[in-house]
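Biologist: Hey, can you pull up that protein for me? I'd like a quick tour.
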Amino acid sequence: AMGAWEAVAWGLFGGLLVEVAGLYELRKVPSNEFPHHLFRRRYWIITALMVLIGGILVLGYERSGVSLSALLAVNIGASAPLLIGRLVGNVPPDLGRID
């Protein structure tokens, strides 16, 4: 059986894989069109938080008694940033607006 810290590590790895895959796509972007947000601290803080959420989600599964393999933990960790990204993308633009 996998311990909690090992499960979290695999989940973090899954979240990191998603982020690296996104960066990998940038190899096709011409240098004059390279996104400037990659050089901002805020982008990297948010990226780290998304990866961390993947690890926390795996910990939640582990604590609830789900039998995790390394592959399942990676899958859960990778799905967390993708799901959150989809949820945020579906929020109406004026939802948090204060008039």
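Modeller: Let's go through the fold, one helix and the core. This is a predicted model, where local features need pLDDT of at least 70, side-chain atom pairs count only at pLDDT 80 or more, and totals for chains, interfaces and linings use all residues. Residues are numbered from 1 along each chain as its sequence is written, and side-chain values use heavy atoms, leaving out hydrogens and water.

Biologist: Cool. How many helices and strands does the protein have?
Modeller: There are 3 helices and 0 strands, in the order α-α-α along the sequence. Helices (H or I, at least four residues) and strands (E, at least two) are DSSP runs, numbered from the N terminus.

Biologist: And how much of the protein is buried?
Modeller: Buried residues make up 26% of the 99 residues. Buried means under 20% relative accessible area, with a 1.4 Å probe and protein chains only.

Biologist: Switching to H3, which of its residues are buried?
Modeller: Ala 73, Val 74, Ile 76, Gly 77, Ala 78, Ala 80 and Pro 81.

Biologist: What do they pack against?
Modeller: The buried residues of H3 pack against helix H1 (4-25) and helix H2 (41-63).

Biologist: OK, which residues form the largest nonpolar core?
Modeller: Six names here: Met 2, Ala 7, Val 58, Leu 68, Ala 73 and Ile 76. Such a core is a set of buried Ala, Val, Leu, Ile, Met, Phe, Trp, Tyr and Cys residues joined through side-chain atoms within 4.5 Å.

Biologist: What is Ile 76 in contact with, beyond four places in sequence?
Modeller: Ile 76 touches Leu 57, Val 58, Tyr 61 and Leu 68, where contact means heavy atoms within 4.5 Å.

Note on methods: Buried < 20%, exposed > 50% of the residue type's maximum accessible area, 1.4 Å probe, protein only.
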